[in-house]
Amino acid sequence: MSLQIRSDDQVIVIGGKDRGKRGKVLRVEPKKSFVFVEGLNIVKRHQRPRQVAGAQRAETVGGVIEREGPIHVSNVMLIDPKDGKPTRVGIEVEDGKRYRVAKRSGTRLD
């Protein structure tokens, strides 16, 4: 399944515990329909201390680590670059190339 949201896009969360917050997309998992948004849906992971590869000293990284959790793609909307409000995404074909277009203002996103 191809998603209209890609890495480095600005999105707003429209559902869930972080509703109304904005952020930049860090990673997209199209097969699971998940996006990871910078600073949103923070989850705590308990990680076993392990030696970092290539470190000068024998440093270990472990304990309780906070990082971004997945958000389903249906719970985020792209932000229109013109007015900063949420918008749907359309596809425009020109010379055989596909471009993403903001439905709200008609501006190209690519």
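**A tour of an all-strand chain**

Buried residues account for 29% of the 110 residues in the protein chain, and that is a useful figure to keep in mind as you look around this structure, which is a predicted model.

Begin by selecting the whole protein chain and showing it as a cartoon, where you will find 10 strands and 0 helices. If you follow the chain from the N terminus on, the elements run β-β-β-β-β-β-β-β-β-β. The radius of gyration of this chain is 18 Å, well over the 13 Å that the globule rule gives for 110 residues, and therefore the chain is more spread out than a compact globule. Turn the model and display the C-alpha trace, which spans about 55 × 35 × 25 Å along its principal axes.

Next, show the surface of the protein chain, which exposes about 7800 Å², with carbon and sulfur atoms supplying 45% of that area. Then select the charged residues: the chain carries 24 positive and 14 negative charges, and the mean positions of these two groups are 6 Å apart.

Now move to a single residue, Val-64, which you will find in strand β5, a strand that covers residues 60-68. Which residues is Val-64 in contact with, once its neighbours within four places in sequence are left aside? Select Lys-44, Arg-45 and His-46, since these are the residues to display beside Val-64. Finally, pick the C-alpha atoms of Val-64 and His-46, which are 4.6 Å apart in space although the two residues are 18 residues apart in sequence.

To end, return to the whole chain, where, among contacts between residues at least 6 apart in sequence, 40% join residues at least 24 apart.

Terms used:
Residues numbered from 1 in each chain as written. Predicted model: local features only at pLDDT ≥ 70, side-chain atom pairs only at ≥ 80, totals over all residues. Heavy atoms only, no water. Helix = DSSP H or I, 4+ residues; strand = E, 2+ residues; numbered from the N terminus. Rg over C-alpha atoms; globule rule 2.2 N^0.38 Å. Buried < 20%, exposed > 50% of the residue type's maximum accessible area, 1.4 Å probe, protein only. Contact = heavy atoms within 4.5 Å. Areas by Shrake-Rupley, 256 points an atom, 1.4 Å probe, with all protein chains shown as cover. Lys, Arg positive; Asp, Glu negative; His and termini not counted. Charge placed at Lys NZ, Arg CZ, Asp CG, Glu CD.
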